[in-house]
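Here is a set of exercises to work through with the model open beside you. Try each task before reading its solution.

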Amino acid sequence: MTETITYVRDRFLEQEKPPLSDSTAIGWIRKNLFASVKDSVLSLVALAALVYFLPGLINWLFISAVWTGADRTACLTTDQGGQLPAGWNGACWAYVNDRFVQFMFGSYPRDELWRPLLVAAMFVALLVPFLMPKMPRKGLNALLLLIVFPVVSFFLLLGGVFGLRHVETSLWGGLMVTLILSFVGIVVSLPAGILLALGRRSSMPILKTACITFIELIRGVPLITVLFMASVLLPLFLEPGNNIDKFLRALIGVSIFASAYMAEVIRGGLQAIPKGQYEAADALGLNYFHKMTFIVLPQAIKLVIPGIVNTFIGMFKDTSLVTIISMYDLLGIVKASFGDSGWITPVTPLTGLIFAGFTFWIFCFGMSRYSAFIERRLDKSHKR
Amino acid sequence: MALADARTGSGEPPKVSLLYNPALRSVVYQVVTLVVIIGAVWYAWNNVVQNLARANMTAGFGFLNSRAGFDLAQALIPYSSDSTYFRALQVGLLNTLVVAAAGIVTATIVGLLVGVGRLSHNWLIARLCTIYVEIFRNIPPLLVIFFWYLGVLALLPSIRTIFQNLKEDPNAVFFISNRGIYMPAPVFGEGFGVVLVALLIGIVAAIVFTIWANARQRATGQRPPVLWINLALVVLLPLAVFIVMGQPLTLDYAVPGSFNMKGGMVIGPEFLALYLALSLYTASFIAEIVRAGIRGVSHGQSEASYALGLRPGQATRLVVLPQALRIIIPPLTSQYLNLIKNSSLAVAVGYADLVAVGGTILNQSGKSIEIISIWMLIYVSISLITSLFMNWFNAKMALVER
């Protein structure tokens with residue numbers, strides 16, 4: 001059977017140029033900024049707003065800003081008693097620079113600063129490999145980070161043993177306190193949250209009611225009332241004459257609050273595990289403890305890692321509320337420094353708050369990026 | 001075979017140690033839990049009694065009837081320092097509700113706009129909305145409150161500057177100062193009630209008319225001009241009555257007093273800082289929820305509606321949004337609840353909300369247990385009512401499946 005080929009194409013059409021919108025800058029602008037009349041108006045309004053605000057903002061933050069100086073006169077205009085020309089307005093970074101150590105460590109004795117620094121170094125050294133999915137020995141790493149590290153840090157920061165000078169918690173402050181509060185909140189809330197979530201899903205009515213009451217009560221009220229409870233009521237609840245440390249009270253308040261929220265996140269994960277997994281574990285003859293630790297929880301927790309990280313972010317931001325029960329976390333100490341006579345200027349509050357906001361932002365943004373990264377790694381579904 | 005025989009032969013379940021009996025175990029666990037809880041409560045109660053006795057204090061809510069002795073900057077119901085603690089708490093609760101309601105409305109609008117904006121094809125708008133969300137989502141709300149209160153509102157012109165400006169421009173009625181925004185307050189004269197009744201009648205008539213118009217559209221396919229007639233009913237009717245009654249409304253202007261502005265209506269900087277911070281902070285979360293909701297509606301839905309000949313606006317309004325709402329409502333509820341709870345941050349700037357008023361009473365009277373129970377009770381009730389309402393709304397919106 002032969003086939004005669006009647007036509008073979010020997011000349012090809014000339015290649016078309018790519019559409020304008022994909023090739024040139026003007027095409028891109030037309031497609032992305034001026035696709036329709038409505039789009040054009042919106043773009044122009046946004047552009048006008050940017051042109052109006054951005055130069056002033058950059059000028060305020062960087063160009064007009066004062067970067068060096070020993071006291072408030074560096075950031076005051078001549079008619080306010082300083083050296084700057086009248087009408088000057090800009091950030092006073094000299095003040096942040098001058099107070100930087102205080103913002104980081106509070107009133108921690110300056111000659112003992114190696115202790116929090118060492119703790120920070122240990123933290124980074126343990127946290128970074130823990131967060132990298134490819135690093136081996138996650139179990140050992142978790143043990144070191146979640147159990148050994150807190151114990152070592154406790155003795156290192158508080159002192160009073162091994163010849164270390166005792167440093168009262170009232171001297172602690174700044175970013176250090178923010179990080180300690182949120183880290184302890186995280187370390188306590190994870191296991192407590194798991195227990196509460198399991199209790200809430202258990203079939204024992206009394207246990208279940210107790211867990212539901214606790215979770216819903218704590219989730220129904222603002223953190224500030226829980227903190228008030230910890231700082232005002234806790235001493236009343238304990239034996240007469242007790243003098244429970246103020247920092248410890250805040251820690252308890254934050255941990256209680258975080259546990260209730262964590263419990264709900266983990267419950268979401270537990271509910272998402274198909275019933276077959278529970279039944280298969282039962283069929284294998286595993287007891288409750290084995291069923292949970294080997295079959296259900298590993299899957300459930302993996303499922304809700306993004307939710308857990310979001311809870312961490314929320315907790316990190318919420319620690320700033322201890323300012324209200326007059327503790328000096330990062331926000332508290334920055335706010336307290338506004339009243340410091342050495343640096344009272346009209347621009348001090350704004351500068352300090354922008355610095356504190358930026359610090360909080362770095363941590364939270366980093367955590368949310370990490371959460372997104374994990375989410376992408378865990379998400380095996382096909383995207384359209 | 002032998003095994004099976006042995007099992008069936010005995011006729012009773014194999015002997016298991018009582019230790020492994022699930023029913024017994026469960027009872028034991030629960031008894032232990034109960035004992036631990038009761039023990040803890042008893043221990044705490046015992047200590048409270050002893051601690052109170054040491055401090056020569058008594059427990060109970062009788063103190064609520066004693067004189068408060070402090071002033072509150074913003075009170076929606078008559079209040080003076082001679083009022084009772086109970087009255088002060090009522091003022092605080094109202095202030096909480098006011099700032100929460102205002103915040104929820106603003107946060108929803110801003111969040112909706114920003115969330116839709118993030119999905120815009122317009123590159124600039126999408127980027128700006130992303131920047132907004134990423135900034136506000138990652139900063140503590142308390143810091144945003146301080147930012148407005150100490151960083152922005154405190155830098156507004158002082159009252160003295162306002163007085164000076166008033167000399168140059170004596171006709172000004174609207175002032176922005178670091179002590180708040182002053183504006184004319186409406187004073188309702190006699191006969192204003194009739195206008196309100198007219199407004200009410202107009203609204204009811206508009207609703208009735210809409211129902212009738214819908215029925216008519218279904219029956220005949222013709223739709224009367226609902227929007228215009230409704231506008232006339234709701235706006236023109238009360239306006240006509242207002243003019244007929246002789247305009248029973250006067251304005252009370254803010255005028256300079258000795259140290260401060262007198263009269264008029266003032267929105268304090270505390271309220272403004274809290275309101276702006278709560279709205280903008282929560283809006284960033286709502287924007288993300290809205291975005292996720294709209295993206296959660298399958299692309300095929302909008303394509304199908306275009307295929308049916310709907311215009312883009314109709315497709316969004318009639319097909320995409322109703323489905324997106326189903327995804328949006330549950331997380332939106334928790335954001336509303338968060339906003340209500342975050343309004344307690346008022347205490348940081350001294351806005352007289354429930355927590356701030358309660359904190360003052362707590363400091364004055366030392367009734368910590370009572371005050372904290374009141375707080376918890378009220379907040380839990382507010383949370384409960386809000387979630388009940390949103391659950392009802394959610395059920396109404398939910399897909400009715402067969």
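**Exercise 1. Domains**

Which domains does the domain assignment of chain A give? Find the corresponding division of chain B as well.

*Solution.* Keep in mind throughout that this is a predicted model.

- Step 1. In chain A, domain 1 covers 110-166 and domain 2 covers 175-327. Their centres, taken over C-alpha atoms, are separated by 23 Å.
- Step 2. In chain B, domain 1 is made of 85-184 + 253-397, and domain 2 is 188-248. Here 31 Å separate the two centres, again taken over C-alpha atoms.

**Exercise 2. Where the chains meet**

Determine how many residues of each chain are in contact with the other, then look at the chain B side in detail.

*Solution.*

- Step 1. Counting contacts gives 45 residues of chain B against 47 residues of chain A.
- Step 2. On the chain B side, the elements that give two or more residues are α2 (22-54), α4 (123-137), α5 (141-152), α11 (312-342) and α13 (368-397).
- Step 3. Of these, α2(B) gives the most, with 12 residues.
- Step 4. Sorted by character, the residues on this side of chain B are 27 nonpolar, 15 polar and three charged.

**Exercise 3. A pair of helices in chain A**

Are helices α14 and α15 of chain A roughly parallel or antiparallel to each other?

*Solution.*

- Step 1. Two packed helices are described by the angle between their axes and the distance between the axes.
- Step 2. Helix α14 (residues 330-337) and helix α15 (residues 348-378) of chain A pack at an angle of about 170°, and their axes are 10 Å apart.
- Step 3. Angles over 145 degrees count as roughly antiparallel, so α14(A) and α15(A) are roughly antiparallel to each other.
- Step 4. Now list the contact: α14(A) supplies A:Leu330, A:Leu331, A:Val334 and A:Ser337, while α15(A) supplies A:Gly352, A:Leu353, A:Phe355, A:Ala356 and A:Thr359.
- Step 5. The residues of this contact divide into six nonpolar, three polar and no charged.

**Exercise 4. Positive phi**

What is phi of A:Arg137, and what is phi of A:Ser326? Then decide where each residue lies and whether it is buried or exposed.

*Solution.*

- Step 1. Phi of A:Arg137 is near 55°, a positive value in a residue other than glycine. A:Arg137 sits in the loop between α5 (114-131) and α6 (138-158) of chain A.
- Step 2. A residue with 12 or fewer other C-beta atoms within 10 Å is exposed. A:Arg137 has 11, so it is exposed.
- Step 3. Phi of A:Ser326 is near 45°, also a positive value in a residue other than glycine. Its place is the loop between α13 (305-318) and α14 of chain A.
- Step 4. With 10 other C-beta atoms within 10 Å, A:Ser326 is exposed.

**Exercise 5. The nonpolar cores**

Which residues touch the most other members of the largest nonpolar core?

*Solution.*

- Step 1. The core has 142 residues, and B:Leu143, B:Ile145 and B:Leu274 touch the most other members.
- Step 2. Its largest share, 16 residues, comes from helix α9 (residues 269-296) of chain B.
- Step 3. Follow B:Leu143 across to the other chain: among the residues that B:Leu143 touches are A:Leu331, A:Leu353 and A:Ala356. These three also take part in the contact of α14(A) with α15(A).
- Step 4. A second, separate core of five residues includes B:Ile162, B:Phe175, B:Tyr182 and B:Ala254.

**Exercise 6. Three residues of chain B**

Classify B:Ile286, B:Cys129 and B:Ile181 as buried, partly exposed or exposed.

*Solution.*

- Step 1. The cut-off for buried is 20 or more other C-beta atoms within 10 Å.
- Step 2. B:Ile286, in helix α9 of chain B, has 27 such neighbours and therefore counts as buried. Its contacts beyond four places in sequence are B:Ala107, B:Thr108, B:Gly111, B:Gly115, B:Leu332 and B:Gln335. B:Leu112 is 174 residues from B:Ile286 in sequence, yet the C-alpha atoms are 7.0 Å apart.
- Step 3. B:Cys129, in helix α4 of chain B, has 23 and is buried. Beyond four places in sequence, B:Cys129 touches B:Val114, B:Gly117, B:Arg118 and B:Ala287.
- Step 4. B:Ile181, in strand β2 (residues 180-183) of chain B, has 19 and counts as partly exposed. Beyond four places in sequence, B:Ile181 is in contact with B:Ile176, B:Val266 and B:Ile267.

Technical notes:
Residues numbered from 1 in each chain as written. Chains lettered and ligands numbered in written order. Predicted model: local features only at pLDDT ≥ 70, side-chain atom pairs only at ≥ 80, totals over all residues. Contact = placed C-beta atoms within 7 Å. Helix = DSSP H or I, 4+ residues; strand = E, 2+ residues; numbered from the N terminus. Nonpolar A, V, L, I, M, F, W, Y, C, P; charged D, E, K, R; others polar. Domains from an automatic or database assignment. Axes fitted to C-alpha atoms, helices over the stretch in contact; angles between N-to-C directions. Parallel < 35°, antiparallel > 145°, perpendicular 65-115°, else oblique. Core = buried A, V, L, I, M, F, W, Y, C linked by C-beta atoms within 7 Å.
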